[in-house]
Structure formats: structure tokens, C-alpha cells
Amino acid sequence: MTGFKTNKDKMLSAVLLNKHLMESGGYEEKDFVSFDQALVSENPVVRTVARIIQGHSSGNSTKNIYNEITDYLKKKA
């Protein structure tokens with residue numbers, strides 16, 4: 001993810017470019033070229049991180065973000 005455009009892009013890259021998370025999450029940098037792409041990614045780690053950032057940026061409560069992510073991950077399992 002080169003050429004950061006927004007704070008969301010910066011936060012997404014800061015988390016997802018962790019090499020250990022990349023290895024265990026099974027994704028590559030090309031899987032999240034933009035924040036919008038990450039929000040619809042097929043990779044649950046990429047998508048979850050993007051959704052957490054989106055929820056926080058939208059002013060959602062921690063509880064609402066937790067519930068949304070938990071529901072999403074239950075559906076993916």
C-alpha cells in the first residue's frame with residue numbers, strides 16, 4: 001500500500017504490514033491496495049482490521065465494533 005491517502009490507509013498499513021500477522025493471516029500487501037478494497041477483502045484478517053478502523057473512524061462504540069466483528073467472524077467460520 002504505497003502512497004497513503006488517508007489516516008485510515010495509514011492505520012491499515014501500520015497493522016497489516018506486520019510480517020508476523022501477514023504470515024499467520026495468509027495475506028500479502030497486494031491484498032489491501034486501498035482501504036476500500038480491504039473493507040471487501042476475502043481475507044478475514046484484512047477485512048476485520050479494516051472494519052475495526054472503519055468503526056472507530058465512524059465514532060462507533062467499542063461494544064458496537066466488537067459485536068459487528070464477532071458477528072462477521074461467526075459467519076466466516
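**Exercise 1. Classify Tyr27 and Phe32, then describe how their rings pair.**

Solution. Tyr27 has 4% relative accessibility, so Tyr27 counts as buried. The cut-off behind that step is under 20% relative accessible area. Phe32 has 0% relative accessibility, so Phe32 is buried too. Keep in mind that this is a predicted model.

Next, the rings. The structure holds one aromatic pair. Its members are Tyr27 and Phe32, with ring centres 6.0 Å apart and planes at 70°, so the pair is edge-to-face. The plane angle decides this, because edge-to-face requires over 60 degrees.

**Exercise 2. Find the largest nonpolar core and say which elements build it.**

Solution. Start with the members. The largest nonpolar core has 11 residues. Among them are both aromatic partners, Tyr27 and Phe32. Leu12, Leu16, Met22, Phe35 and Ala38 also belong to this core. Val46, Val49, Ala50 and Ile53 are in the core as well.

Now assign elements. Two or more core residues come from each of helix H1 (7–16), helix H3 (35–39) and H4. H4 gives the largest share, four residues. As background, nonpolar side chains tend to be buried together in soluble globular proteins.

**Exercise 3. Check the length of helix H5, then separate its buried side from its exposed side.**

Solution. First, the length. Helix H5 covers residues 62–76, which is 15 residues. At 1.5 Å a residue, the expected span is 21 Å. The end C-alpha atoms lie 21 Å apart, so the two values agree.

Second, the buried side. Ile65, Ile69 and Tyr72 are buried in H5. These residues cover an arc of only 60° around the axis, so they sit on the same side of H5.

Third, the opposite face. Turned away from the buried side, this face carries exposed Lys63, Tyr66, Lys74 and Lys75.

Last, the cover. H4 is included in what covers the buried residues of H5.

**Exercise 4. Trace the contacts between H4 and H5 through Thr48 and Tyr72.**

Solution. Take Thr48. This residue is in helix H4, residues 44–57. Its relative accessibility is 12%, so Thr48 counts as buried. Leaving aside neighbours within four places in sequence, Thr48 contacts Ile69, Tyr72 and Leu73.

Now go to the other side. Tyr72 lies in helix H5. Its relative accessibility is 7%, so Tyr72 is buried. Beyond four places in sequence, Tyr72 is in contact with Asn43, Pro44, Arg47, Thr48 and Arg51. The Thr48 contact thus appears in both lists.

Add one distance. Tyr72 and Arg51 are 21 residues apart along the chain. Their C-alpha atoms are separated by 9.8 Å.

**Exercise 5. Describe the whole fold and judge whether it is as compact as a globular protein of its length.**

Solution. Count the elements. The protein has five helices and zero strands. Along the sequence, the pattern reads α-α-α-α-α.

Then test compactness. The radius of gyration is 12 Å, close to the 11 Å from the globule rule for 77 residues, so the protein is as compact as a globular protein of that length. The C-alpha trace spans about 30 × 25 × 20 Å along its principal axes.

Finish with burial and contacts. Buried residues make up 30% of the 77 residues. Consider contacts between residues at least 6 apart in sequence: 37% of them join residues at least 24 apart.

How values were computed:
Residues numbered from 1 in each chain as written. Predicted model: local features only at pLDDT ≥ 70, side-chain atom pairs only at ≥ 80, totals over all residues. Heavy atoms only, no water. Buried < 20%, exposed > 50% of the residue type's maximum accessible area, 1.4 Å probe, protein only. Contact = heavy atoms within 4.5 Å. Expected span 1.5 Å × (residues − 1). Arc of directions from axis to C-beta. Core = buried A, V, L, I, M, F, W, Y, C linked by side-chain atoms within 4.5 Å. Phe/Tyr/Trp six-rings, centres within 6.5 Å; stacked < 30°, edge-to-face > 60°. Rg over C-alpha atoms; globule rule 2.2 N^0.38 Å.
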